[in-house]
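This briefing covers burial, helix geometry and side-chain contacts in one protein model. Please read it alongside the sequence and the coordinates.

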Amino acid sequence: MPSYEELSELLDPATTVLLTVECQNGVVGPESALPELAEEARASGVLARIAQLVAGAHESGVQVVHAIAERRPDGRGANHNARLFRAAERLPVQQLSGTTAVRVAATIEVADEDLVVRRLHGLSPIAGTDVDPLLRNLGCRALIVTGVSANVAIPNAVFDAVNRGYTTVVPRDAIAGVPSDYTPAMVRNTLALVATITTTDEVLACFKRPRRIT
């Protein structure tokens with residue numbers, strides 16, 4: 001892991017964006033379509049730590065982007081080319097546009113200045129969405145990736161961010177997947193090869209650190 005000084009230098013509020021991935025009612029809320037994942041996010045404290053990071057970002061002037069996965073009621077434009085998509089179509093809770101399922105989870109504050117990006121297709125919150133051009137327009141250099149799931153959307157986000165030239169930071173205790181022992185193994189053996197791995201407390205400490213005036 002980077003030193004406090006290295007991480008603080010990297011997470012300049014003017015060029016840092018905090019991304020929350022699929023932190024929506026229908027995924028991590030009490031009536032989730034994926035109850036095992038929702039329980040893991042809550043019981044592990046991941047959801048609470050994401051809320052802390054969002055609050056810290058708001059206080060320090062770091063831009064927050066919420067990436068939401070949803071689908072039209074008629075399914076137009078949605079993928080059908082993988083087992084995951086076909087299984088999702090049969091779940092009792094659907095991530096339908098305009099419903100409470102696709103609202104950011106109540107534990108996470110959404111400020112007026114936050115950006116909410118919704119996608120109707122694919123596995124990645126970045127590829128094929130508005131996230132990348134928004135990040136470029138915001139002058140983003142460092143992208144903090146949080147949310148779910150460590151099984152699919154999080155690695156997709158990290159790889160896509162790295163491929164697009166962003167320095168990617170992952171607080172390892174602010175992402176969740178199932179089973180619970182999968183996430184640390186995936187971080188250690190995969191994400192650590194391409195991203196800066198840190199913790200929620202270390203990111204929050206950097207947010208609170210006074211910046212030098214030059």
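Val 194 sits in the loop that joins helix H8 (182-189) to strand S7 (196-198). The model is a predicted one. With a relative accessible area of 37%, Val 194 is partly exposed, because its value falls between the 20% limit for buried and the 50% limit for exposed.

**Surface patch**

- Val 194 joins Phe 159 and Leu 193 in a nonpolar surface patch.
- The area of this patch is about 290 Å².

**Nonpolar cores**

- The largest nonpolar core contains 32 residues. Leu 11, Leu 18 and Ile 108 are those with the most contacts inside this core.
- At least two residues of this core come from each of helix H2 (25-28), helix H3 (35-43), H4, strand S2 (63-69), strand S4 (142-148) and helix H9 (200-208).
- H4 is the element that gives the most to this core, supplying seven residues.
- Another core, of 26 residues, lies apart from it. Its members include Val 65, Val 117, Ala 161 and Leu 191.
- In soluble globular proteins, nonpolar side chains tend to be buried together.

**Helix H4**

- Helix H4 covers residues 46-60, which is 15 residues. At 1.5 Å a residue its span should be 21 Å, and the end C-alpha atoms are indeed 21 Å apart, so the two values agree.
- The buried residues of H4 are Val 46, Leu 47, Ile 50, Ala 51, Leu 53, Val 54, Gly 56, Ala 57 and His 58.
- Gly 61 follows H4 and has a positive phi, near 85 degrees.

**Helix H3**

- Leu 37, Ala 38 and Ala 41 are buried in H3. They lie on the same side of H3, because the arc they cover around the axis is only 100 degrees.
- An α-helix has 3.6 residues a turn, so residues three or four places apart point the same way.
- Pro 35, Glu 36 and Ala 43 are exposed, and they are carried on the face of H3 turned away from its buried side.

**Salt bridges**

- The whole structure holds nine salt bridges.
- Four residues are linked in a network of salt bridges: Asp 132, Arg 136, Asp 160 and Arg 164.
- Within this network, Asp 132 pairs with Arg 136 in a salt bridge whose closest N and O atoms are 3.3 Å apart. Both residues belong to helix H6 (residues 131-137) and are four residues apart, about one turn of the helix.
- Asp 132 is buried, because its relative accessibility is 14% and the limit for buried is under 20%. Arg 136 is partly exposed, with a relative accessible area of 47%.
- Asp 160 and Arg 164 form a salt bridge through their side chains, with 3.8 Å from N to O. Asp 160 counts as buried at 13% relative accessibility, whereas Arg 164 is partly exposed at 28%.
- Arg 72 and Asp 74 also form a salt bridge, and 2.6 Å separates their closest N and O atoms. Arg 72 counts as partly exposed at 36% relative accessibility, and Asp 74 counts as partly exposed at 43%.

Notes: Residues are numbered from 1 along each chain as its sequence is written. This is a predicted model: local features need pLDDT of at least 70, side-chain atom pairs count only at pLDDT 80 or more; totals for chains, interfaces and linings use all residues. Side-chain values use heavy atoms; hydrogens and water are left out. Buried means under 20% relative accessible area, exposed over 50%, partly exposed in between (1.4 Å probe, protein chains only). The expected span of a helix is 1.5 Å times one less than its number of residues. A nonpolar core is a set of buried Ala, Val, Leu, Ile, Met, Phe, Trp, Tyr and Cys residues joined through side-chain atoms within 4.5 Å. Patches are made of residues with over 30% relative accessible area and no salt bridge: like charges are joined within 9 Å, nonpolar side chains (Val, Leu, Ile, Met, Phe, Trp, Tyr) within 5 Å. Accessible areas come from the Shrake-Rupley method with a 1.4 Å probe; for residues, only the protein chains shown count as cover. The arc is that of the directions from the helix axis to the C-beta atoms.
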